[in-house]
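Here are a few exercises to work through with the model open beside you. Try each one before you read its solution.

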Amino acid sequence: MDRIDIDISNYDIIFVGAHIWNFSMSLPMKAFLKNNNFQNKTLIPFFTYSGVATKNRIIEEIEELTNTNDIKKAYVYF
Ligand SMILES: Cc1cc2nc3c(=O)[nH]c(=O)nc-3n(C[C@H](O)[C@H](O)[C@H](O)COP(=O)(O)O)c2cc1C
């Protein structure tokens, strides 16, 4: 899987937008979350999906992949 190289050091608040694939965040977003340091960052997740996914599981995934528990609600949510 290719790494998404974006320097997030200058940002305090990051909107994390992804497709839902197989009840889970899309793989490129998982790689982005895993490969960057989100300590002291506020994450605002939002997703597109076709109606078959659970919000709590996706939020758990974000917590597992990052080191932040500062996850806010996005304006577009499920
Ligand atoms: C391989 C694949 C798996 C998907 N799995 C799910 C799923 O588990 N739950 C769901 O609600 N939508 C699922 N979808 C639907 C996508 O989330 C939906 O198509 C996308 O968010 C809408 O963006 P699009 O218009 O670019 O397709 C899946 C789509 C693909 C291609």
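**Exercise 1.** Find what share of the contacts between residues at least 6 apart in sequence join residues at least 24 apart.

*Solution.* Start with the criterion: two residues are in contact if their C-beta atoms, placed from the backbone, lie within 7 Å. Among contacts in the protein chain between residues at least 6 apart, 81% join residues at least 24 apart. Keep in mind that this is a predicted model, where local features need pLDDT of at least 70, side-chain atom pairs count only at pLDDT 80 or more, and totals for chains, interfaces and linings use all residues. Residues are numbered from 1 along each chain as its sequence is written.

**Exercise 2.** Work out the order of helices and strands along the protein chain.

*Solution.* Take helices (H or I, at least four residues) and strands (E, at least two) as DSSP runs, numbered from the N terminus. The protein chain has 2 helices and 3 strands. Followed along the sequence, they give β-β-α-β-α.

**Exercise 3.** Decide whether Ile62 is buried or exposed, and list its contacts.

*Solution.* First, place the residue: Ile62 belongs to helix H2 (residues 55-65). Next, apply the cut-offs: buried means 20 or more other C-beta atoms within 10 Å of the residue's own, exposed 12 or fewer, and partly exposed in between, with C-beta atoms placed from the backbone. Ile62 counts as buried because it has 20 C-beta neighbours inside 10 Å. Finally, setting aside neighbours within four places in sequence, Ile62 is in contact with Leu33, Leu43, Pro45 and Ile71.
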